[in-house]
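Open the viewer and keep the selection box at hand. Each stop below names what to pick and what is there.

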Amino acid sequence: MKKQLKYSILALGFIAMTASCNKSKDDICDPDQICYTSKPDELYIKLELSTNPSSEPIEISLYEDYLDDGELYDSFFTTESTVYYLVPVGKRYTATAKYKKDGDNILVLDSDRLTSISYENCEETCYDWDEELVLDLKLVE
Amino acid sequence: MILYNSRKAILSIFILCFLLINPFKSNSQPILTNPFVGSYFQPSFGINMGTFFNHEDFLFDFGLGFEELGYDYSVTFNGSFRPYYKKVIFKETDNLYYQVQEKVLQFSIDAEKRFYFIQFMNSSKIGLYAMMKFGYFYGTYKGLKENRNNTFALTPGAGLSWQFSKVSRVNLGYLYFNQNPFASPHMINLKLSIFINKDQQQ
């Protein structure tokens, strides 16, 4: 029975290790690595859209923070399927796209935080960030 | 794709746990037992991990708490959650619908009673179980700060229970998860429990 307990602990350990694996950039020193020492002020949000079923332009609204607890940052109409928008880093953004279908309005929401991460490389602070923050405002079929 | 990978991952974990823990003794004599008679009070500590799912949804379920091995019941504290965002549509006002990405969570006290009617000489037992989750359920939605669909709910379930060693048990059954607003309430529940059994040295 000790064997069973040992195997149980092994199985749990395996699950815990699998769940906790995460690549870290801490404590590295690679002089050949590209290091951006300036923190980016602004980055792009990519808004992915569907075609409006009513064929009208889609009303896009961009909020700082949440829809129900944030401030309207900008609002515009578009017929494009992809829109890029340059915004300051370090904040949460919520985007909405208003579609019209069968006389009803469907407001599609997506939200995420636009951030850059910092790490130390050879006693230098480097910054890294995603190329763009993608917000999925596509209408479900 | 995420849903498929999650299902694949949990299935792999269950198979791995099963293969590592199962003692592979299948030549034992089965004995019919009275499922309503207990032996003696054997309090213990246990953990459990599982999933409940159907064609529309998939949730993980983890818990820890009290296991009673003499009378075959347990009371545990469990947390359940959907590990991915699901797109849902709901009516906000007249002529206005929201399409949002939803995650759901539930914290619950789970009470379970098992009725074993076949016992093997290698400590393996097979029977039925009935359980109830007394839980607090809520949904989180991308872009909305306020959680929604918050509710206290009862979640009943029942099915087959197989205690395949002195320290582990697997349950497979039905769960009526009615508080989940955007999926069918009829779910399959698969749960692995591991507990400390003081009799395991005997």
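The tour goes through chain A, then chain B.

**Stop 1: chain A as a whole**

This is a predicted model. Select chain A and colour by secondary structure. One helix and nine strands make up the assignment. Along the sequence the order is α-β-β-β-β-β-β-β-β-β. Chain A has 141 residues, and 18% of them count as buried. Look next at how contacts reach along the chain. Take the contacts between residues at least 6 apart in sequence: 67% of these join residues at least 24 apart.

**Stop 2: the nonpolar core**

Select A:Leu47, A:Ala95, A:Ala97, A:Val108 and A:Leu137. These have the most contacts inside the largest nonpolar core, which has 24 residues. Which elements each supply at least two residues of this core? From chain A they are strands E1 (42-49), E2 (58-64), E5 (91-101), E6 (104-114) and E9 (132-137). Chain B joins in with its own strand E6 (96-120). The most comes from E6(A), with five residues.

Now centre on A:Ala97. Leaving aside residues up to four places away in sequence, A:Ala97 touches A:Leu49, A:Ile58, A:Ile60, A:Val108 and A:Leu137.

**Stop 3: a three-stranded sheet in chain A**

Show E4, E1 and E9 of chain A as a cartoon. The three strands form an open sheet in the order E4-E1-E9, with mixed pairing. Strand E4 (82-88) and E9 of chain A are the edges; each has a single partner strand, so one side of each has no neighbour in the sheet. On average, neighbouring strands here are turned by 25° against each other, direction ignored.

Zoom in on E1(A) and E4(A). They run antiparallel and are joined by seven bridges. To check the register, pick A:Lys46: opposite it stands A:Tyr84 in E4(A).

A reminder before the next sheet pairings: strands of a sheet pair through backbone hydrogen bonds, either parallel or antiparallel.

**Stop 4: two hairpins in chain B**

Switch to chain B and select residues 125-141 and 144-165. These are strands E7 and E8, which run antiparallel and are joined by 15 bridges. Go to the turn end. B:Tyr141 has B:Leu144 in E8(B) as its bridge partner. The hairpin of E7(B) and E8(B) has two residues between the strands, and B:Gly143 takes a positive phi near 95°.

Follow E8(B) onward to strand E9 (residues 168-176) of chain B. These two strands pair in the antiparallel sense over seven bridges. How many residues lie between E8(B) and E9(B) in their hairpin? There are two. For a register check, select B:Ala158, which stands opposite B:Tyr174 in E9(B).

**Stop 5: the E3–E4 loop of chain B**

Select B:Tyr71 and B:Asp72. B:Tyr71 is in the loop between strand E3 (58-68) and strand E4 (73-81) of chain B. B:Asp72 is found in the loop between E3 and E4 as well. Buried or exposed, where does B:Asp72 fall? B:Asp72 is buried, because 22 other C-beta atoms lie within 10 Å and the cut-off for buried is 20 or more. B:Tyr71 is partly exposed, with 14 other C-beta atoms within 10 Å.

Check the backbone of B:Asp72 too. Its phi is near 55°, a positive value in a residue other than glycine.

**Stop 6: B:Pro43**

From B:Tyr71, draw a C-alpha distance to B:Pro43. It reads 9.5 Å, for two residues 28 apart along the chain. A second C-alpha distance, from B:Pro43 to B:Ser74, is 9.3 Å across 31 residues of sequence.

B:Pro43 is in strand E2 (residues 43-53) of chain B. B:Pro43 counts as exposed, with 11 C-beta neighbours inside 10 Å. Residues up to four places away in sequence aside, B:Pro43 touches B:Phe66 and B:Glu68.

**Stop 7: B:Asn95**

Finish in the loop between strand E5 (86-93) and E6 of chain B, where B:Asn95 is found. B:Asn95 is not a glycine, yet its phi is positive, at about 65°. Why does B:Asn95 count as exposed? B:Asn95 has 11 C-beta neighbours inside 10 Å, and residues with 12 or fewer are taken as exposed.

Terms used. Residues are numbered from 1 along each chain as its sequence is written. Chains are lettered from A and ligands numbered from 1 in the order in which they are written. This is a predicted model: local features need pLDDT of at least 70, side-chain atom pairs count only at pLDDT 80 or more; totals for chains, interfaces and linings use all residues. Helices (H or I, at least four residues) and strands (E, at least two) are DSSP runs, numbered from the N terminus. Two residues are in contact if their C-beta atoms, placed from the backbone, lie within 7 Å. A nonpolar core is a set of buried Ala, Val, Leu, Ile, Met, Phe, Trp, Tyr and Cys residues joined through C-beta atoms within 7 Å. Two strands pair if DSSP finds at least two bridges between them. Axes are lines fitted to C-alpha atoms, for helices over the stretch in contact, and angles run from 0 to 180 degrees between N-to-C directions.
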